[in-house]
Amino acid sequence: MSTLTLRQAPPERLDFLNINPLALSRLSQGEVERLEIGTTRTGVRLGDCFSVSLDKSDTLTIEGGHERLDRVGASLSEGAIRVTGDVGQRLGAGMAGGSLTITGNAGPYAASGATGGTITIAGDAGDYAGGAVYAAKVGLDGATLIIRGNAGAHLGDRMRRGTILAGRAGAMAGSRMIAGTLAALAVGDHPGLGMRRGTLVLGAHGRMAATFVETGAHDLVFLRLLSKALRGLSPEHADLLAKPLRRYSGDLATIAKGEIWVAA
Amino acid sequence: MAAWVKGGATDAGTAIGAAASLLARARAPVIAGLSADVAAIRAAYDLAGRIGASVDTAGSAGTYADLASLSRVGALTSTPAEAVGRADVVLVVGAAPWQAPLLKRLIDAKPTRGRAAGSDRLVLAVGANATASLSWPAEGGLVEAVGVVRAYARGHLAGDDIPGQIAARLIAGQYGVLLYDPAELGEAGIEMLQGLAMELSEVTRCFTLAVGGVGQDRAVVPVSAWLTGQAPRSGFGRRVPEHDPWRFDAARQVAAGEVDAVLWLGAVPVARPDWLSRVPSVALVADGEAQAAEVVIGVGQPGRDHGGVLWNEQRAALTYWPASAPSDLPSAASVLGALRERLVRGQAAPRSEAAC
């Protein structure tokens, strides 16, 4: 297991786009320490801020995270990255495979555009987790995002595929959703606003927009299958589906093929 | 020329020298505001590129609400002149557009061109307690309200309550205009409003029109596009322009302690943000006052002290404004040019020195 140990707080935001197990396995100790990760005109090299220990394995541990570590695990295609601590924006953005585990909190846009793999955040996530960055057509696009703590506003904004599980989430969870599945124990106002298709499973919610209509309580085979699929990821989310569920259909402002299941 | 360093009046050369040394020491400088004529905006981007600064504008909240929606769903837009000349139905979304001078012009005159020429102009309101033909306060917030009107326009909701009547009037109109303030409505609301305009355009003509921008943001957007190929919030720390609206949000950067010098460009007067006083700063402002920043350099206001190309709200275009009261105050572009000369000679610290 290769390890990067943070020696002190970074003086500027760092870009970890090119720091992944596969890339590091092909480089020598000196080459890794000289990798440019700074974002200002002064710049920072990996060895300036981190102690580097390499073993060419497909697992990388970052000991001591920081909210200035941007794009950790972005575009990861294989292997595993574990961070003990916080990370900054765009955690696992565009990730295609492998696994990412964060023991602390993540900044905004976690898992944006991720097409595969599993991202687990033990703490909280910022706004737009599983959401789309500026000018991107989609947010989460096939990966699995698990947020054990709370998520900010716009969780799963424009998500197109994949699964998001979160504890509490802010306003506009699942806004402008294109497709996919999002489950949260509680969300703020206006869940699913502007959603076209997709499924939201909610334990509780704030104000429901007038463009969602209640379509009654249903007992569908699909819900039992979904519960079974979620149980391996998070039993408490799977339990939401065991309760009687009210179904809302919307958003009527769009093509209205989305659904929100609310545990009664 | 009015110039101050740490509150004490001084001459131009000393102030520019102090500003240059403040910027030269900085690891992550920011050039913010950008409320100026096109020449000064160009000079600001040139300086940013040479010193590795990032750029943000005075009205970026509204600008990015508009741009983010535009980048995803496009936009159906009109101009003030077209709205005044052709619109027979105007939907005012939110409270802010009621402060715009354009609204008075719309209320005071009838359409004079196109299919609706000579007919009465109907003014509808959503999200404000306004005196309009139909007014819907919309307690659920503006985004939801626009969504409800859109659902009626699509035929997904039916009935003759107020939002239903508003949708019916818009459908019956010959030329509809949806008036909004981008900062008030936000990205999600603007996207919903563009969707409404697109639904209505299936059966009639309907366009959106943004009012109430801050500073010269509307000038900065095309200038940054032609200089960098990107929207305003770009950073040059890694030599190439990188666009990241979250990372280069100046207020966020200051709050997170990532910035160590700010150059505020306010040649066209605009409110200065609170965070400016929390970081070493240089201000190039037309309404110069000693306490505005650590280093303050008074510059001419384009269109008053000297000529300049500015955003013309009425024509919805960049136009040249000659000096209405010429003075010997330097232009912001010339001060930024002088700063660039000093900084290029002094060369900033090279990248990749040991940093931690």
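Here are some exercises with worked solutions on a two-chain model, which is predicted rather than experimental.

**Exercise 1. Work out whether chain B is as compact as a globular protein of its length.**

Step 1: start with the secondary structure. Chain B has 11 helices and 16 strands.

Step 2: compare the radius of gyration with the globule rule. The rule gives 21 Å for 356 residues and chain B comes out at 23 Å, which is close, so chain B is as compact as a globular protein of that length.

Step 3: get a feel for the dimensions. Taken along the principal axes, the C-alpha atoms of chain B fill a box of roughly 70 × 50 × 30 Å.

Step 4: look at burial and contacts. In chain B, 55% of the 356 residues count as buried. Take the contacts in chain B with a separation of 6 or more: 66% of them come from residues 24 or more positions apart.

**Exercise 2. Do the same for chain A, using its radius of gyration and the globule rule.**

Step 1: count the elements. Chain A holds five helices and 15 strands.

Step 2: apply the rule. For 264 residues it gives 18 Å, and the radius of gyration of chain A is 19 Å; the two are close, so chain A is also as compact as a globular protein of its length.

Step 3: add the dimensions and the burial. The C-alpha trace of chain A spans about 65 × 35 × 25 Å along its principal axes, and 57% of its 264 residues are buried.

Step 4: check the contacts. Of those in chain A between residues at least 6 apart in sequence, 39% join residues at least 24 apart.

**Exercise 3. Decide how α6(B) and α8(B) are oriented to each other, and find the residues that make their contact.**

Step 1: locate the helices. In chain B, α6 covers residues 142-154 and α8 covers residues 182-200; their axes come within 9 Å and cross at roughly 15°.

Step 2: classify the angle. Angles under 35 degrees count as roughly parallel, and α6(B) and α8(B) are therefore roughly parallel to each other. Their crossing is left-handed.

Step 3: pick out the contact residues. On α6(B) they include B:L142, B:V146, B:R150 and B:A153, and on α8(B) they include B:L185, B:A188, B:M192 and B:L196.

Step 4: sort by class. The contact of α6(B) with α8(B) has 11 nonpolar, four polar and three charged residues.

**Exercise 4. Find how many residues each chain brings to the contact between chain A and chain B.**

Step 1: count each side. Chain A gives 35 residues and chain B gives 34 residues.

Step 2: break down the chain A side. Its residues that touch chain B divide into 14 nonpolar, 11 polar and 10 charged.

**Exercise 5. Take B:A138 and A:L100 and say whether each is buried or exposed.**

Step 1: place B:A138. It sits in the loop between β7 (134-136) and α6 of chain B.

Step 2: count its neighbours. A residue needs 20 or more other C-beta atoms within 10 Å to be buried; B:A138 has 22, so B:A138 is buried.

Step 3: see what surrounds it. Leaving out residues up to four places away in sequence, B:A138 touches B:V126, B:G127 and B:A145. The C-alpha atoms of B:A138 and B:P163 are separated by 9.0 Å, with their positions 25 residues apart along the chain.

Step 4: turn to A:L100, which is in strand β7 (residues 99-102) of chain A. A:L100 has 29 C-beta neighbours inside 10 Å and so counts as buried.

Step 5: list some of its partners. With residues up to four places away left out, A:L100 touches A:G73, A:L76 and A:I81, among others. A:L145 is 45 residues from A:L100 in sequence, and their C-alpha atoms are 9.6 Å apart.

**Exercise 6. Look for backbone oddities in chain A: a cis peptide bond and positive phi at non-glycine residues.**

Step 1: find the cis bond. It runs from A:G250 to A:D251, with omega near -5°. A:D251 is in the loop between β14 (245-250) and β15 (258-263) of chain A.

Step 2: check A:R90. This residue is not a glycine, yet its phi is positive at about 60°. A:R90 lies in the loop between β6 (80-84) and β7 of chain A, and with 29 C-beta neighbours inside 10 Å it counts as buried.

Step 3: check A:A135. Its phi is positive too, about 70°, and again it is not a glycine. A:A135 is in the loop between β8 (118-121) and β9 (141-147) of chain A, and with 14 other C-beta atoms within 10 Å it is partly exposed.

How values were computed:
Residues numbered from 1 in each chain as written. Chains lettered and ligands numbered in written order. Predicted model: local features only at pLDDT ≥ 70, side-chain atom pairs only at ≥ 80, totals over all residues. Helix = DSSP H or I, 4+ residues; strand = E, 2+ residues; numbered from the N terminus. Rg over C-alpha atoms; globule rule 2.2 N^0.38 Å. Buried ≥ 20, exposed ≤ 12 C-beta atoms within 10 Å, placed from the backbone. Contact = placed C-beta atoms within 7 Å. Axes fitted to C-alpha atoms, helices over the stretch in contact; angles between N-to-C directions. Parallel < 35°, antiparallel > 145°, perpendicular 65-115°, else oblique. Left-handed = near helix turned anticlockwise from the far one by under 90°. Nonpolar A, V, L, I, M, F, W, Y, C, P; charged D, E, K, R; others polar.
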